[in-house]
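Trainee: I am new to this structure and would be grateful for a close look at one part of it. Please set that part in the context of the whole afterwards.

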Amino acid sequence: MTSFISIFVNVILPVFGVVLCGYLVGGRLQLHSPSLSRAAYYVFVPAFVFQAVKGSNIPFTAALQMIIFFTLAQILITLVTVVIARLLGRNKEMIVAYIIVSGFINVGNYGLAVIHFRLGEEAIPSATIYYITVAVVQFIIGVGAISWARGGMRNIFGGLIRTPAIMAVVPAILLNLSGFELPLMPSRMIGLLASAMIPVMLFTLGLQLFEQKRFQFTTDLFIASAIRLLVAPALAFFIGRQFSLSPTELASGVLQMAMPTAVIATMLAAEKNVAPAFVNTGVMFTTLASLVTLPLVMVLL
């Protein structure tokens, strides 16, 4: 119990404190989450990814193992979700909504902050690799699932290559492999932008939660949320044990897989008109429920 309380107070509450600031202050200041999220998406996130990948000392074979591990975990959790939704007799739209709630993981702002506080600076490179993997795989799975429900597959590859975080990976890898050091000015500028990513995104998460108005609590919500918060990290732990990962790399991956549903899921659901009220409630509920589930996962790791 002492360990649970310590994790809750020292790891979870600092993260939620910034989220709460966004929730309480953002609306009063008449801020709008789309502006903040776009700034993070196009500026802060690419800078963070660039710096993390360029400064990473993870060998290529280890990075490849982490990518394969997390991709398999995401695919497996999607398959489990589809099987459960089909057994419940849900229609195509609801199956896709299940996939979005269980498959879109808040590994960027929430996950990276929690892992930093829990596992330390040494876990950030591996957490960033998982973050990039999620950015690619969840986009393919989410858009693919929607296309399946709507009857067509379009613009997946184009959307991927235009993702700023993914675009930042290639030059970062090339600089990392070449050993070339950036001049001091651009290096410091990128460092400042990168250090702003986590607080800006956490604050934006609180503002986005404030702006969500429609919530509906159903059995489907609790099932999809349980898959996201409990089944997913358990599967990730089992799959990760099959790879030659260090304890930090495994713990980082399991914790990333234990994160709540990403707010970007609400944007996708609204744009594609896939049970938006259900997905909105899923984001809010999993975020609040993670106050309990994340410390439990950390205690068990």
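In which helix does Leu87 lie, and which residues does that helix span?

Mentor: Leu87 lies in helix H3, which covers residues 60–87. Before we look closer, please note that residues are numbered from 1 along each chain as its sequence is written. The model is predicted, so that local features need pLDDT of at least 70 and side-chain atom pairs count only at pLDDT 80 or more, while totals for chains, interfaces and linings use all residues; side-chain values use heavy atoms, with hydrogens and water left out. Helices (H or I, at least four residues) and strands (E, at least two) are DSSP runs, numbered from the N terminus.

Leu87 is exposed, because its relative accessible area is 71%; buried stands for under 20%, exposed for over 50%, and partly exposed for what lies in between, with a 1.4 Å probe and protein chains only. From Leu87 to Gly191 the C-alpha distance is 49 Å, and the two are 104 residues apart in sequence.

Ala85 is also found in helix H3. Ala85 counts as buried, because its relative accessibility is 0%. If neighbours within four places in sequence are left aside, Ala85 is in contact (heavy atoms within 4.5 Å) with Arg90, Ile95 and Tyr98. Ala85 and Ser225 are 140 residues apart along the chain, yet 13 Å separates their C-alpha atoms.

Let us now turn to other parts of the chain. Thr133 belongs to helix H6, residues 124–150. With a relative accessibility of 6%, Thr133 counts as buried. Its contacts beyond four places in sequence are Ile67, Phe70, Thr71 and Gln74.

Gln30 sits in the loop between helix H1 (2–25) and helix H2 (33–54). It is not a glycine, although its phi is positive, at about 60 degrees. Gln30 counts as exposed, because its relative accessibility is 65%.

Another loop joins helix H12 (247–257) to helix H13 (264–272), and Thr261 is placed there. Although it is a loop residue, Thr261 is buried, with a relative accessible area of 0%. Outside the span of four places in sequence, it touches Ile100, Val101, Phe104, Asn106, Arg228, Gly282, Val283, Thr286 and Thr287. H12 itself is mostly covered, with 9 of its 11 residues buried. Among them are Glu249, Leu250, Gly253 and Met257.

The whole protein gives these parts their setting. It has 14 helices and 0 strands, and each element from the N terminus on is α. Its radius of gyration (taken over C-alpha atoms) is 18 Å, close to the 19 Å that the globule rule (2.2 Å times the number of residues to the power 0.38) gives for 301 residues, so the protein is as compact as a globular protein of that length. Along the principal axes, the C-alpha atoms fill a box of roughly 55 × 50 × 45 Å. Of the 301 residues, 51% are buried. Among contacts with a separation of 6 or more, 87% are between residues 24 or more positions apart.

To return to your question, helix H3 holds both Leu87 and Ala85; Leu87 is exposed, whereas Ala85 is buried.
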